[in-house]
Amino acid sequence: MEKVYKTMRNTGAGSIALGIIILVAGLVVGILSIVNGAQLLKNKNSITF
């Protein structure tokens with residue numbers, strides 16, 4: 001029974017760590033998207049086709 005509790009503890013800790021990593025990665029990607037979009041809007045007059 002003790003082995004089950006250890007497995008559950010490790011799985012829970014891993015899930016929390018993975019969630020934090022995904023949260024940070026999502027924030028970074030969101031910030032980069034906003035910055036790139038702002039740069040495109042700022043320089044839209046200099047784009048010619």
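**Helix α1 and its surface**

Gly37 lies in helix α1, which covers residues 2-42. The model is a predicted one. In this model the protein has 1 helix and 0 strands. The C-alpha trace spans about 70 × 15 × 5 Å along its principal axes.

Accessibility was computed for the whole protein and for individual residues. Of the 49 residues of the protein, 0% count as buried. The exposed area of the protein is about 4,700 Å², and carbon and sulfur atoms supply 72% of this area. Gly37 has a relative accessibility of 27% and therefore counts as partly exposed, since the partly exposed class lies between the 20% limit for buried and the 50% limit for exposed residues. A second glycine, Gly19, also belongs to helix α1. Its relative accessibility is 37%, so Gly19 counts as partly exposed.

Two C-alpha separations relate these glycines to other positions in the chain. Gly37 and Ile22 are 15 residues apart along the chain, and their C-alpha atoms are separated by 22 Å. For Gly19 and Asn45, a sequence separation of 26 residues corresponds to a C-alpha to C-alpha distance of 41 Å.

A nonpolar patch is found on the surface. It has an area of about 460 Å² and is made by Ile16, Ile20, Val24, Val28 and Leu32. Leu32, one of the residues of this patch, is placed in helix α1.

Charged side chains were examined next. Side chains of opposite charge can pair when their charged atoms come close. The count for this protein comes to 1 salt bridge. Lys6 forms a salt bridge with Glu2, and the closest N and O atoms of the pair are 3.8 Å apart. This distance of 3.8 Å qualifies because the cut-off requires a side-chain nitrogen of Lys or Arg within 4 Å of a carboxyl oxygen of Asp or Glu. Both Lys6 and Glu2 lie in helix α1, at a spacing of 4 residues, which is about one turn of the helix.

The two partners fall into separate accessibility classes. Lys6 counts as partly exposed because its relative accessibility is 41%. Glu2 has a relative accessible area of 56% and is therefore exposed, the limit for this class being over 50%.

Conventions. Residues are numbered from 1 along each chain as its sequence is written. This is a predicted model: local features need pLDDT of at least 70, side-chain atom pairs count only at pLDDT 80 or more; totals for chains, interfaces and linings use all residues. Side-chain values use heavy atoms; hydrogens and water are left out. Helices (H or I, at least four residues) and strands (E, at least two) are DSSP runs, numbered from the N terminus. Buried means under 20% relative accessible area, exposed over 50%, partly exposed in between (1.4 Å probe, protein chains only). Accessible areas come from the Shrake-Rupley method with a 1.4 Å probe; for residues, only the protein chains shown count as cover. Patches are made of residues with over 30% relative accessible area and no salt bridge: like charges are joined within 9 Å, nonpolar side chains (Val, Leu, Ile, Met, Phe, Trp, Tyr) within 5 Å.
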